[in-house]
Structures are given as C-alpha cells and as structure tokens.
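Colleague: Could you take me through the cysteines in this one, and then the helix packing that follows on from them? I'd like a close look rather than a quick tour.

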Amino acid sequence: MKFRTDINGLRAIAVMAVVLFHFNPSWVPGGFAGVDVFFVISGFLMTGLIFRGLENNNFSIINFYVARANRIIPALSVVCLALLVFGWFYLTPLDYKVLGKHVASSMGFVSNIIYWRESGYFDAASHSKWLLHTWSLSVEWQFYMIYPVVLVLLKKCMSLTNIKRLLVVGTVIGFIFSVYATYRWPNPAYFLFPTRAWEMMMGGLAFLYPLQNLKETSKKYFEWAGIALILASYAFISKDNLWPGYLALIPVLGAYLVIIANRSGSVITDNVVMQKVGLWSYSIYLWHWPVVVFGYYFEMQHWEWIGIPVSVVLGFCSYKFVESIKFPALSSISFKPIATLKPLWMVVSISMIACSVFYYNGYSTERFSSSIAYTFDNIRPSPYRDRCHTGRYISPNKSCEYFGSNVDWAVLGDSHAVEIAYALGDKLKKNNEGLKHFSFSGCVPSYGQQENFSKCAKWYNDSVEYIIKDKNIKNVLINHRYSAALFGDNEGMYPNISHNKSLHYKEILSSLDKVIIDLAKYKKNIYVVKPIPEVSFDINTSLNTALKKEQDISNLKSISRSYYELRNKDILAHFNSVHYPKNVHFIDPVDIYCDSFQCYLTKNSTPLYFDDDHPSVLGAKKIVGLLNL
C-alpha cells in the first residue's frame with residue numbers, strides 16, 4: 001500500500017492524545033479516544049490489504065497473519081522482556097507474579113479479557129498494571145484473526161460488491177450493538193472485541209468507498225472537519241462518560257473523514273514533527289504506559305515532565321532498532337517454515353517465562369528472605385473458594401463436602417466462612433471426619449424470613465432445614481460479616497464509623513438468633529465465630545508499600561483495637577446480652593488478630609488475610625485452632 005502522510009499524521013494525533021491523557025488526564029480529558037482513532041486506521045489498512053488480495057485472487061490468510069506478527073510482536077516482546085527483567089530486581093513478589101500473568105496474556109493477545117475480568121480501565125488499580133494498555137493490541141489482533149477469515153468465506157458465496165454492502169450493514173449493526181452493550185454491560189463493552197469491531201469496520205468502509213475526484217479545497221474541508229471532531233472528543237469527553245457508546249462516533253467519524261480526505265501536504269498532518277511521531281507511534285504507545293506506571297509505583301512527583309520525553313525517546317529507539325528489522329515472510333506454507341518464524345518463538349519463550357513467574361509466585365524464594373517469601377506465598381484464599389462458594393441459589397444437597405467420609409460437621413455463613421470451612425475440614429480429616437460447606441456471597445442472616453428479604457433468603461432457609469434434617473451432622477459452625485450486614489460496608493470509610501443502620505437491622509439480629517437457637521435444639525454443638533477485624537485496605541497493597549519503603553513486614557499493623565470494638569459494638573453487645581443454649585460456643589478471632597491496642601495484617605510473618613477483610617487460609621487455621629477439638 002502506498003505510503004500516506006495523512007495516515008501517519010493521524011497516528012500522531014492519536015498517540016499524542018493517549019500519552020498526554022495517561023500522564024495527566026486534566027490536560028486532555030478525552031485522550032483515551034485516541035485508541036478509537038487507532039482502531040479506524042487499523043481497519044482501513046487491513047481492509048486494503050485483504051481486498052486487494054481478494055480482487056487479485058492471491059490473498060493468503062497465513063501470510064497475512066505472519067505479516068501482522070512480524071509487525072506487532074517484536075516490539076511488544078522487547079517491552080515485555082524488559083519488564084520481566086526490571087521486575088526481578090524491583091517488584092515485590094505479588095506485583096511480579098501479577099506482571100507474569102499480564103505479560104503472558106499480552107503475548108497471547110487476550111489481555112483485554114483478563115483486564116475486563118479484573119477491574120475497570122479507569123479504576124485506581126489501573127496504575128499498578130504495567131501492561132494495561134495492551135488490551136487494545138489484543139482487540140486488534142482478534143480483529144486480524146477473525147476479519148480475513150470471514151471475508152474469505154463470504155467470497156466463496158457472494159461477489160465483492162455484495163460483501164462491501166454487507167460490511168456497511170455490519171458496521172451499522174455493530175455500532176448499535178456497541179451503544180446498547182455500553183449501557184447494559186459497561187466494563188466488558190470497554191474491553192472486548194464485539195463492541196469495538198465496528199470502529200475498525202468503519203475504517204474499512206473508508207477504503208471500500210473512497211471519495212473520488214475530490215478537489216483540493218473539498219479535501220481540506222473534510223480533513224479539517226475530521227480533525228475538529230477528533231479534537232472535540234479529546235476536549236469535551238471524559239472518563240465520566242460511558243465508553244465506547246454513541247459518543248465514540250465522534251472520534252471515529254473524525255478519523256474516517258481525515259482518511260477519506262486523503263490529503264497530502266497538510267500543514268496539520270504532513271509536517272516533520274507529526275510524521276516522525278506517526279512513524280514512532282506504535283513504539284511510543286508500547287513504552288509510554290510502563291513509564292507512567294513507573295512514576296506511580298515509585299511515587300515520583302511531577303513525573304509527566306520527565307516521563308513524556310522518556311516515552312518518546314524509548315519509542316524512537318524501539319522503532320529504529322526493533323520495528324525497523326525486516327523479518328522474512330513465509331517461503332512456503334508448511335510446518336517447517338512456520339516453525340522457524342522468529343515472532344512465534346518470541347511469543348512462546350516470553351510466555352513461558354511469564355507463566356513460570358506467575359506459577360512460582362513471583363519467585364519470592366529466590367529474590368527475598370525466607371520470612372518475606374513465606375508471607376507472600378501464603379496470602380491465599382481457600383482452594384475450594386471458587387468451587388464451593390456461591391452467589392446464587394444452589395440446592396443444599398449439592399453443597400461441597402470435604403475431607404473425611406464421616407460428614408458430621410456443617411459450616412454456614414457468607415464469604416467469611418469459606419476459608420474457615422477449609423481450615424476446619426483440614427483439621428477434621430485426621431479423624432476421618434468431614435464437613436458440608438454452605439456459604440453464599442454477601443448473605444445476611446435470613447433464616448425465617450420471606451424470599452424477598454434478601455438475595456439469599458431461600459438458600460438460607462433451605463440450607464438450615466437441610467442441616468437440621470441431616471442426622472449425621474452433629475456440629476455446626478456459623479460465621480458472617482455481621483457489622484457489614486447491620487451497617488453496610490466500611491470500604492473507603494476508615495477510620496470513620498458508619499452509624500446508618502440497615503432497614504432490616506432488627507430482622508437480621510432476630511434471624512441470627514433464630515438460626516443459632518434452632519440449630520442448637522437439634523445439634524450437639526454450635527460454634528459462632530465473632531467478628532473478624534475488617535481492615536478496609538488490602539493486605540497486598542499494604543505489604544507492597546511497606547516492602548518498597550524497606551519496612552519490616554513480619555508484624556504489619558492494620559486497625560486499632562478500639563476501632564474494631566467500635567465498628568462491631570452492636571453485634572458484640574448483642575452476643576453478650578442474649579442467653580443462648582449451653583451448647584452454643586463463641587470463637588473470638590480478636591485473640592488471634594489483635595493485642596490490647598492494635599490489630600495486625602501479619603503476625604510473625606504469617607499473613608492473616610488474603611484481601612482486606614477475608615481471612616487467609618493460615619489466618620483461618622489459627623481461628624479453627626481456638627476450637628477445643
């Protein structure tokens with residue numbers, strides 16, 4: 001395809017906006033729309049390559065894939081490898097483990113799916129993800145994999161003219177779906193291919209339906225209108241707007257107009273600065289985000305003034321010494337030539353290294369002292385959490401059982417019961433005793449209430465009834481996040497206390513009493529775990545911060561004992577005032593988690609949590625150790 005200076009200038013307009021937005025969003029509030037401009041450019045270029053081959057009957061899907069791999073993978077591999085080397089020396093075990101996961105997903109071009117599942121693009125946690133920006137590369141690669149196959153198959157049953165018409169219809173339908181999905185499922189809509197495909201197809205339409213014989217004046221007006229739309233999206237759209245949605249039409253249409261204008265010699269796009277930045281744009285894009293995260297990770301002040309020039313320099317070096325390498329095309333389509341493709345081996349080798357970093361927990365043992373490695377290696381939830389914990393109705397007879405064959409215990413509660421159930425099951429198995437696990441995410445005590453009382457009311461009533469009727473079950477352990485049920489979550493409030501009682505405050509306490517008393521009538525022992533201290537900040541973040549500051553993490557403090565007592569004042573007073581049957585026993589985690597003045601995230605290098613309020617497996621084992629078994 002003939003080199004077009006307007007395309008190169010458009011790349012520059014896109015990458016400059018993205019870079020400025022990421023370093024300082026206040027400068028260019030809608031700079032993230034630069035990615036949408038990139039998508040249009042990509043669709044235009046790829047459609048051109050594919051349709052020229054289809055028209056000449058010499059298009060090869062394999063050669064198309066190889067050309068894309070030669071273009072994209074080498075520079076991406078260098079960035080990923082550089083981060084793995086950097087991480088070995090400077091990242092904490094958890095951060096290095098996460099980096100391994102993200103490198104593997106980026107090299108496999110599925111990082112958009114991984115980041116969708118983890119959190120939103122604009123979340124605060126995004127600045128801890130060194131390769132977050134590769135989500136867009138994954139979307140493009142998925143387009144490259146699917147688009148040519150669809151077009152080749154369509155050519156077998158219809159003419160190219162009808163394929164072009166079909167692409168017009170597909171683009172319109174794709175846009176309508178994107179608008180709907182953005183409002184219905186905003187986070188996946190941001191990251192996933194189906195809601196972005198129309199943007200690349202829009203670029204394809206610019207190739208398929210060019211404006212012929214335009215006068216220079218008309219070209220200029222089209223270009224100016226397009227650039228005005230792009231700049232308007234940068235200036236007047238922000239992260240507060242749902243995206244992509246209907247607003248994405250503004251930068252997409254702007255990029256489309258610039259492309260169909262096909263104007264060379266433009267003062268805006270065809271000057272030396274824009275052309276050079278456009279040439280380096282892919283590499284600048286690859287390097288700029290790790291530079292942004294570096295500044296956040298090491299808490300650099302006014303980092304943008306250093307980070308932006310560094311990003312440009314790294315982008316230039318990457319373009320000159322990596323992108324400019326001409327990797328050979330396939331000599332023939334057979335196993336041996338494909339197996340010798342250098343980009344393929346880059347993907348395989350770097351992905352294997354990254355997977356090993358993830359699998360071996362960031363190589364904490366090799367990089368840190370034994371006590372630090374022990375702490376990070378044991379920030380773990382129950383391995384049965386995903387399989388045995390639920391957030392929807394499951395029939396009680398389908399609940400998990402483990403580990404002994406004599407199932408004479410049951411554990412009942414919300415997500416705070418999961419690790420305790422696992423730890424208890426592990427302790428019971430030495431006598432071939434087992435337990436049945438009943439836990440429902442965010443479930444408030446709902447026993448005896450109508451189904452509309454809570455999302456788990458039916459499950460709760462059916463589960464308690466099942467436990468009562470099961471004659472083999474002799475002992476029951478109950479645990480809830482009581483104060484969250486009574487007053488709501490404390491996330492973001494610490495050190496303040498919420499005094500806003502739930503609308504069902506009395507009913508929740510009544511349900512809790514009822515389940516304890518009713519179970520006590522039919523079972524030998526009922527064990528009630530008192531509140532586990534809620535930290536309100538993640539143990540991983542706290543450990544990482546402490547380790548970067550070279551602080552001792554063996555006994556890392558969390559909240560004060562007085563905060564714990566104030567936060568849980570109502571439920572503790574309630575437990576002290578109600579006269580339960582004699583076979584009801586209380587287990588007090590505060591004896592494990594706190595001393596007279598202070599509560600802890602770690603004790604003697606043992607992590608007591610795996611997040612901000614759920615006990616780790618080792619923390620749960622210490623709680624279970626309080627049972628007199």
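Modeller: Sure. One term before the helix part: contact here means heavy atoms within 4.5 Å. Also keep in mind that this is a predicted model.

With that in hand, start at helix 20, residues 457–469. Its partner is helix 22, which covers residues 505–522. On the helix 20 side, the residues that meet the partner are Y460, V464, I467 and I468, and they touch V515, L519 and Y522 in helix 22. Sorted by class, that contact has seven nonpolar residues, with no polar and no charged ones. As for geometry, packed helices are generally described by the angle between their axes and the distance between the axes. Here the axes of helix 20 and helix 22 come within 10 Å and cross at roughly 20°. Angles under 35 degrees count as roughly parallel, so helix 20 and helix 22 are roughly parallel to each other. Their crossing is right-handed.

Now the cysteines. A disulfide is a covalent bond between the sulfur atoms of two cysteines, and searching the whole structure turns up three of them. If you count the bonded cysteines along the chain, the pattern is 1-2, 3-4, 5-6.

The pair that belongs with helix 20 is C443 and C456, joined with an S to S distance of 2.0 Å. Both C443 and C456 sit in the loop between strand 3 (433–439) and helix 20, so the bond ties together parts that are 13 residues apart in sequence. The angle about the S-S bond is 80°, making the link of C443 and C456 right-handed. Buried means under 20% relative accessible area, so C443 at 2% qualifies, and so does C456 at 0%.

Next, take C388 and C400, whose sulfur atoms are 2.1 Å apart in their disulfide. This pair links distant parts of the chain: C388 is in helix 18 (residues 385–388), while C400 is in the loop between helix 18 and strand 1 (401–403), 12 residues apart. The link of C388 and C400 is left-handed, with -90° about the S-S bond. C388 is buried at a relative accessible area of 8%, and C400 is buried too, at 11%.

The remaining pair is C594 with C599, again a disulfide, S to S 2.0 Å. The link of C594 and C599 is right-handed, at 90° about the S-S bond. C594 and C599 are both buried.

That leaves a couple of cysteines to account for. C317 is in no disulfide, and the nearest cysteine sulfur, that of C80, is 18 Å away. C317 counts as partly exposed, with 30% relative accessibility. C355 also has C80 as the residue with the closest cysteine sulfur, but the gap is 12 Å, which is too far for a bond. To put a number on "too far", the cut-off for a disulfide is sulfur atoms within 2.5 Å. C355 is partly exposed as well, with a relative accessible area of 42%.

So, to tie it back to where we began: C443 and C456 are bonded in the loop between strand 3 and helix 20, and helix 20 in turn meets helix 22 through residues including V464 and L519.

Methods: Residues numbered from 1 in each chain as written. Predicted model: local features only at pLDDT ≥ 70, side-chain atom pairs only at ≥ 80, totals over all residues. Heavy atoms only, no water. Helix = DSSP H or I, 4+ residues; strand = E, 2+ residues; numbered from the N terminus. Buried < 20%, exposed > 50% of the residue type's maximum accessible area, 1.4 Å probe, protein only. Axes fitted to C-alpha atoms, helices over the stretch in contact; angles between N-to-C directions. Parallel < 35°, antiparallel > 145°, perpendicular 65-115°, else oblique. Left-handed = near helix turned anticlockwise from the far one by under 90°. Nonpolar A, V, L, I, M, F, W, Y, C, P; charged D, E, K, R; others polar.
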